[in-house]
Every structure is written in structure tokens, then in C-alpha cells.
Amino acid sequence: MAPNPLLINNSGWRRLSVGVIGGGIGGMSVAIALRRAGHDVTIYEKSDFAGEVGASVSCAANGTRWLHEWGVDVAKGDPVVLKKLINRDWKTGEPVSVYDLDDYEKRWGYVYNMFHRQYMHAMLKDSALGEDGEGQPARLIVNHRCRDIDLATNTITFENGAVSQHDLIVGADGIGSAVRGIIGIRPEKKPSDSSCLHANVDTEEAVRLGLVDYSQDSALEYWGGQEGKWDKIVLSPCNGGKLLSYYCFFPGRKGIIRRRPGGRRHLAIGKEIQPWRLWVHEPYPYLQQGSICLLGDAGHPMMPHQSQGACMAIEDAAALGILFDKKYFNGDVAQSLAVYEEVRLPRVTRVQAAAAKAAYNINERIGFSFNKDIPTYKVEDTKKVLTIEEMNAYDMYKDVEEKLAAKRGISYTDKYICGLPVGLELPSGITIGA
Ligand SMILES: Cc1cc2nc3c(=O)[nH]c(=O)nc-3n(C[C@H](O)[C@H](O)[C@H](O)COP(=O)(O)OP(=O)(O)OC[C@H]3O[C@@H](n4cnc5c(N)ncnc54)[C@H](O)[C@@H]3O)c2cc1C
């Protein structure tokens with residue numbers, strides 16, 4: 001993508017020493033993006049990654065595009081490429097709303113991947129730390145839990161007594177972020193009205209027992225969600241279809257799934273069953289302060305019902321990669337982080353709100369939000385639903401350039417508003433720029 005020549009201002013570019021706190025999906029992604037931008041990156045992770053939970057994690061085109069741009073070896077993640085989103089009736093299992101993804105790659109240039117978390121993490125880690133690829137490999141230091149940061153000197157103190165100092169610090173330390181509190185954000189949050197249990201099923205075992213081979217659908221499948229109730233079972237195949245990852249949502253206080261639908265015989269052979277506590281966070285007022293910024297769940301935890309948490313962390317990483325690139329970074333860290341916040345906060349807040357709505361109404365989920373003709377279709381406001389177009393037609397370079405231009409007092413003339421092309425018609429009836 002050719003940058004706006006007026007915005008190329010790299011006379012002050014310098015290699016930054018970057019400390020990334022948290023080595024999860026977002027931490028690894030930002031390490032890739034910033035090493036490629038020419039910086040010296042160290043990741044500090046509190047754990048040693050032992051005992052990670054096996055579960056699926058989806059990566060729609062808006063996340064997948066960056067994996068390709070960064071040269072990540074996506075095959076290492078052994079993904080299932082999704083072909084459909086299927087919503088089934090809670091009692092009968094019959095499809096109620098189906099969103100076909102057959103032309104998805106043709107429309108958006110990238111596929112909708114379903115990864116296994118550990119495979120996805122290993123894939124990103126290899127790209128962040130490996131000798132291959134642009135820039136200097138990042139370093140990973142495990143068993144370093146961030147305790148505090150001196151905001152005046154950018155010095156991180158770890159619980160093991162170690163200290164380190166960096167020009168730029170990225171808080172990628174997940175939903176329970178320490179960095180968030182250190183820069184003064186006190187989350188307004190409440191426990192969700194729904195809870196979740198996750199279970200894994202081996203496809204081979206299910207087939208051996210004569211059960212339905214759901215891996216054949218290559219689909220993200222949902223039972224329930226139309227009834228305005230919390231009960232919902234979500235099934236996603238990963239590991240090339242060898243593993244079926246089930247998320248069972250139910251009303252928070254009940255503690256059980258009330259009437260189990262179609263997938264129940266699968267769940268009877270589910271293993272590695274884990275509770276997943278869900279919290280609803282109000283959007284945070286800011287994402288950065290001085291030379292410190294938040295990324296991923298640390299900056300915008302969201303309910304899982306749009307399957308966009310990992311994609312939003314990847315997009316955050318991509319935004320930092322662009323802003324600190326040799327083309328755009330003029331040496332002013334605070335200015336780049338201010339633009340980072342302006343680019344990211346509106347978009348993640350919109351997805352966060354849509355994820356909370358989709359928790360009790362599947363018609364609010366990207367994809368299903370398009371299927372207005374089904375008899376039970378009902379949304380809070382048809383003009384406000386989140387659509388696939390907004391997610392995938394988004395051009396982050398344009399968004400960064402628009403906001404950087406404003407910050408630097410340069411006029412911006414490209415026909416884009418917040419990264420979306422003027423004239424784009426959304427299925428919600430909104431036309432960008434109209
Ligand atoms: C079961 C489950 C299923 C999900 N499914 C999907 C899905 O299908 N699609 C999707 O898009 N999203 C999904 N998500 C959400 C997605 O996984 C998260 O949004 C994403 O992982 C965010 O990445 P992150 O790097 O911000 O946080 P994490 O991946 O949680 O990483 C945070 C890291 O920081 C480390 N850390 C924490 N505190 C400290 C500290 N003080 N010092 C140093 N290190 C620290 C942690 O050990 C961890 O490694 C799912 C989440 C879960 C739990």
C-alpha cells in the first residue's frame with residue numbers, strides 16, 4: 001500500500017527498545033509487527049506456557065490478512081478453513097439461519113480460519129522469535145510477572161525482583177492486566193448473566209462411537225441463540241478437523257445447561273472440561289499514557305460472541321506495526337500512541353458492544369446479522385448491527401493516515417472515513433459518508 005507522501009516523516013526514526021508484557025496471542029503478534037518495523041523487542045511472560053488450555057480460536061479475514069502480511073506460516077496452525085456459520089434450533093437441531101462462507105475468500109482476499117489456541121500461539125511465537133522473517137528476532141523471557149512500572153522512567157519491576165527499562169512498553173497482559181491499573185484505568189465491570197463450560201471432543205472417538213461427524217461441515221455451529229435465552233452451544237472444529245471444541249453457555253446462576261440439544265451425545269464424551277468465567281467490561285476511557293499502551297484483552301476485553309477477541313488483538317498489533325514503521329514514525333512515541341488510541345478505541349468499542357448484544361441474540365452476530373429473512377430475525381436496531389463489510393472492508397492504513405494527518409496538520413484527501421471507503425453500502429442500510 002503506497003503511503004500518502006505527505007505523511008512520510010521518518011527523519012526522526014529511531015530503533016526503539018520495546019518491552020511487551022504478556023506473551024499471549026496479542027503479545028506475540030505485536031512482537032512480530034514491531035520487529036518487522038525495525039525495533040528491538042523483548043517479551044516478558046509471567047508463566048512458562050505449561051498447562052495451557054486447549055480450545056479453538058477463530059481468526060476471520062480481518063485477522064488472517066495480517067498473518068499473511070507478516071509472513072506467518074499459517075499452515076503451522078493446522079487450521080480448519082470455515083465454510084459456513086450454522087445456527088440450529090435448540091430442540092430439533094434443524095438449521096435456522098445459515099451464513100455461507102463459500103465466496104468469503106473471493107470477497108475479502110483471506111479465509112476465515114479456525115485454529116487451536118496452542119497451535120496458533122506456537123505459530124505466532126515462531127514468527128516472533130525465529131531467525132527467518134524481517135527484522136531482528138524478538139526475545140522471550142518467561143516467569144517474569146510485571147508488578148509495577150515507574151511511569152517517569154519507563155522501568156518495569158517484576159515479581160521476581162528483576163527490572164528492565166524500555167522506550168516503549170506494550171501491556172499485552174490479558175483480561176486481568178496489571179499494566180492497565182498501572183496507567184490508572186479502573187475497569188467498570190460486572191459478571192455476565194451467562195457462564196460457559198468448554199469441552200473438547202476427539203472427532204475420531206465420536207466417529208468410532210457412531211456419532212455425527214461434525215468436522216465434515218467445516219462450520220462454526222450454534223445450537224440455540226434465537227430464543228432470547230442465554231443457553232447456547234457453540235461448536236468449532238480445529239486441528240484440521242481432528243478436534244471439536246465445544247462452548248456451552250448457560251444462565252449464570254443455574255450452573256447447568258438446562259435442556260441439552262443436538263450435540264449432547266458428543267458432550268457425553270467431552271474431556272478437558274473447563275469453566276470460563278465471563279465478565280462484561282465497559283469500554284475504557286483511554287488505551288495509552290506516555291510511552292505505555294494497552295493491547296488486546298488488556299485494553300478491551302470482550303464477550304466471546306462475535307469471535308473477534310483474537311482478531312482485535314492482532315489488529316492492535318498491526319496498528320502499532322504501521323505507526324512505528326520507518327515510513328510513519330518520526331521519533332515521537334507519545335504522538336504515535338495518541339494516534340494508536342484514536343484508531344483503535346472506536347473500532348474495538350463497537351465490536352465490544354456488538355459482542356455483548358450477540359450474547360443473548362445470535363442475530364446480532366456478524367454474518368447472521370445479514371440474514372434478515374429468517375422468521376425469528378429481530379435485532380435491537382437494524383441500522384446499528386455489526387456487519388462483515390465493516391470488519392473486512394476496513395483499510396487500517398487509511399485509518400492511520402487519516403488520523404496521523406489530523407495530528408500533523410496535513411490535509412487528508414483520500415476517500416475513506418475511519419478506514420472504510422466512502423460510498424460503501426452496508427447491509428444495515430448505512431452508506432459510508434452519506
Ligand atoms: C476459551 C476461550 C476461547 C476463545 N475463543 C475465541 C475465538 O474463537 N475467537 C476470538 O477471536 N477470540 C477468542 N477468545 C478470546 C481470545 O483468546 C483473546 O481475545 C485473545 O487471546 C487476547 O489475546 P491477549 O494477548 O490480549 O491475551 P492472552 O492471550 O490472554 O495473553 C495474555 C498473556 O499475558 C500473560 N500475563 C498476564 N499477566 C501478566 C503479568 N502481570 N506479567 C507478565 N505476563 C502476564 C498471560 O500469562 C498470557 O500469556 C477466546 C478466549 C478464551 C479464553
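**Exercise 1. The open sheet of 3 strands**

In which order do the 3 strands of the open sheet stand, and what is their pairing?

*Solution.* The structure is a predicted model. Step one is to read the order of this open sheet, which is 9-10-11, with antiparallel pairing. Step two is to find the edges: strand 9 and strand 11 each pair on one side only. Step three is the twist, which averages 20 degrees from one strand to the next.

**Exercise 2. Bridges and hairpins within that sheet**

Determine how strand 10 is joined to strand 9 and to strand 11, and examine the turns.

*Solution.* Begin with strand 9 (residues 146–150) and strand 10 (residues 155–158), which run antiparallel and are joined by 4 bridges. Individual positions can then be matched. C146 lies opposite F158 in strand 10, while I149 has I156 as its bridge partner in that strand. The hairpin made by strand 9 and strand 10 has 4 residues between the strands, and N154 adopts a positive phi near 60 degrees there.

Continue with strand 10 and strand 11 (residues 163–165), an antiparallel pair joined by 3 bridges. Here T157 faces V163 of strand 11. This pair also forms a hairpin with 4 residues between the strands, and in its turn G161 has a positive phi of about 95 degrees.

**Exercise 3. The open sheet of 6 strands**

Why is one side of strand 8 and of strand 20 left without a neighbour in the sheet?

*Solution.* First, establish the order: the 6 strands of this open sheet follow 8-2-1-12-21-20, and their pairing is mixed. Next, look at the two ends of that order. Strand 8 (139–141) and strand 20 (288–289) are the edges, and each has a single partner strand, so one side of each lacks a neighbour in the sheet.

Then consider a pair inside the order. Strand 1 (residues 17–21) and strand 12 (residues 168–171) run parallel and are connected by 4 bridges. Within this pair, I21 is placed opposite G171 of strand 12. Helix 1 (residues 25–36) packs on the sheet and touches strand 1, strand 2 (40–44) and strand 12. The direction of helix 1 makes about 170 degrees with that of strand 2.

**Exercise 4. Two domains and their contact**

Describe the division of the protein into domains and the contact between them.

*Solution.* Start with the bounds: domain 1 comprises 5–76 + 115–188 + 281–421, and domain 2 comprises 190–280. The C-alpha centres of the two domains are 28 Å apart. The contact draws 17 residues from domain 1 and 20 residues from domain 2. On the side of domain 1 that touches domain 2, the elements giving two or more residues are strand 3 (56–59) and strand 7 (113–116). Finally, sort that side by class: it holds 10 nonpolar, 7 polar and no charged residues.

**Exercise 5. The shell around the ligand**

Which of the 33 residues around the ligand come nearest?

*Solution.* The residues that come nearest are G22, G24, G26, G296 and G309. To place the shell in the fold, list the elements that give two or more residues: helix 1, strand 3 and helix 8 (309–323). Helix 8 gives the most, with 4 residues. The classes complete the description, with 14 nonpolar, 14 polar and 5 charged residues in the shell.

**Exercise 6. Overall dimensions**

Decide whether the radius of gyration of the protein agrees or disagrees with that of a compact globule.

*Solution.* Note the inventory first: the protein has 11 helices and 23 strands. Its C-alpha trace spans about 65 × 55 × 40 Å along the principal axes. For 434 residues, a compact globule would have a radius of gyration near 22 Å. The protein has 21 Å, which agrees with that expectation.

Conventions. Residues are numbered from 1 along each chain as its sequence is written. This is a predicted model: local features need pLDDT of at least 70, side-chain atom pairs count only at pLDDT 80 or more; totals for chains, interfaces and linings use all residues. Two strands pair if DSSP finds at least two bridges between them. Two residues are in contact if their C-beta atoms, placed from the backbone, lie within 7 Å. Axes are lines fitted to C-alpha atoms, for helices over the stretch in contact, and angles run from 0 to 180 degrees between N-to-C directions. Domain bounds come from an automatic or database domain assignment. Ala, Val, Leu, Ile, Met, Phe, Trp, Tyr, Cys and Pro count as nonpolar, Asp, Glu, Lys and Arg as charged, and the others, Gly among them, as polar. A residue is near a molecule or strand if its C-beta atom, placed from the backbone, lies within 6 Å of it. The radius of gyration is taken over C-alpha atoms; the globule rule is 2.2 Å times the number of residues to the power 0.38.
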